Amino acid sequence: MNQEVVKVILECKKDIWKNQELFDLVEEYFENSLQTLDFCTALEKCLKRARDSQLLILVALQQFEEEDKGEGNKYSKTLEELKNFKSAGEPFTEEFFRIFQSVHRQQLLMLEKLQLRKNKIDKKLKSINSWRKVSSIIFAAAFATVLLCSVVAAAVAAPPVAAALAAASSIPLGSMGKWIDSLWRNYENALKSQKEVISSMQVGTYVAIKDLDNIKVLIDRLEIEIESLSRNVDFIIEEEAVKFGIEEIKKKLEVFMKNVEELGLQADMCSRDIRRARTVVLQRIIKHPTN
């Protein structure tokens, strides 16, 4: 979802919520999710470099098949393509890993903040029933006191006081009780609505962390395969053992290609999950009561 749309919706709701702590938390959530989407974009660039390296290996294998049938200065083009593979370097840079660590840490901190906020809301929700009973008792006691005072005032011949107290005691007890109960009910509904927003952010954050963890596992696996291919290329270039080295590369290339494909799918899933979670949170915010 477009970040400008998010800003407009949050700005429209800011005056309604009257809860700066929750509003700040929501703003931080959307900022973190936006940075995670930026990470997914950086990952796509790294994947492009990995696919380029994969293509260089495929071209080298094709050149080998052609040159293996010929005579003369064999494998010169094969070696050239393998050197191009080495020159391409690692697809995952130190800057990329710095971004990953930053995003992963932010998401973990976000999950912790959301849990703390949710715990506070749960405590308030648990205390509502107790306070509702206490307020009913206090109101009933106050009403009984007014009624008693009106009787005393009448007994001591204080007509103005007795009239005022009688008027106060004439207010229907049921109406006052319903009014007080409605106050507690509105407060409870507001807390439940806040909890819905928090819960939706929790789910989105948890899923993002799991996606990032899965991405890290796949990257580590892919780096091992790249390092293995690189060692094979070094062996071919230094020892001029082209045939033996190419056979080893063929065995490892399939695994390398599979890992690149899996990482690409996981990157797409991460991006989709984040966008979906942002949409769900916004829907909860829009539904947030205005009372």
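Select E227 and R231 to begin: their side chains meet in a salt bridge, 3.7 Å from N to O. A salt bridge here is a side-chain nitrogen of Lys or Arg within 4 Å of a carboxyl oxygen of Asp or Glu. E227 and R231 are four residues apart in helix α6, so about one helical turn separates them. Helices (H or I, at least four residues) are DSSP runs, numbered from the N terminus. E227 is partly exposed, with a relative accessible area of 37%. Buried means under 20% relative accessible area, exposed over 50%, and partly exposed in between (1.4 Å probe, protein chains only).

Before moving on, note what is on screen. This is a predicted model, in which local features need pLDDT of at least 70, side-chain atom pairs count only at pLDDT 80 or more, and totals for chains, interfaces and linings use all residues. Residues are numbered from 1 along each chain as its sequence is written, and side-chain values use heavy atoms, with hydrogens and water left out.

**Colour by confidence**

pLDDT is the predictor's confidence in each residue, from 0 to 100. Its mean over the protein is 79, and 73% of the residues reach 70 or more. Select helix α2, residues 20–67: among the elements, its mean pLDDT is the highest, at 91. Now select helix α5, residues 159–169, where the mean is the lowest, at 44. Over residues 146–166 pLDDT stays under 50. For that stretch the model has 13 contacts beyond four places in sequence. Contact means heavy atoms within 4.5 Å.

**More salt bridges**

The full count is 14 salt bridges. Select D122 and K195 next. Their side chains meet in one of these bridges, at 2.8 Å from N to O. D122 lies in helix α4 and K195 in helix α6, so the pair ties together parts that are 73 residues apart in sequence. Both ends are partly exposed: D122 at 22% relative accessible area, K195 at 26%.

Move to helix α7. There K251 forms a salt bridge with E248, with the closest N and O atoms 3.3 Å apart. The two are three residues apart in the helix, so about one helical turn lies between them. K251 counts as exposed, at 59% relative accessibility. Then select E21, R117 and K120, which are joined into one network by salt bridges that share partners.

**A lysine without a bridge**

Which residue is buried yet has no salt bridge? Select K118, in helix α4 (residues 94–155). The nearest side chain of opposite charge to K118 is D122, 5.7 Å away. For charge, Lys and Arg count as positive and Asp and Glu as negative, while His and the chain ends are not counted. Beyond four places in sequence, K118 is in contact with K195, I198, S199 and Q202.

**A buried leucine**

Select L253 in helix α7 (residues 242–287). L253 counts as buried, at 5% relative accessibility. Beyond four places in sequence, L253 touches I57, L58 and L61. Add Q54: its C-alpha atom is 7.9 Å from that of L253, although the two are 199 residues apart along the chain.

**Last stop: the cavity**

A cavity is a set of points, on a 1 Å grid over the protein atoms alone, where a 1.4 Å probe fits but cannot get out; lining residues have an atom within 4 Å of a point. Volume is the space filled by probe spheres set on the points, which are joined across faces, edges and corners. The structure holds one cavity of 30 Å³ or more. The largest cavity has a volume of about 40 Å³. Select its lining: Y29, S33, Q107, G204, T205, A208, I274 and A277. Helix α6 (173–239) gives the largest share of that lining, three residues.

Terms used. On a 1 Å grid over the protein atoms alone, a cavity is a set of points where a 1.4 Å probe fits but cannot get out, and a pocket is an open set with protein on both sides within 12 Å along at least five of seven lines; lining residues have an atom within 4 Å of a point.
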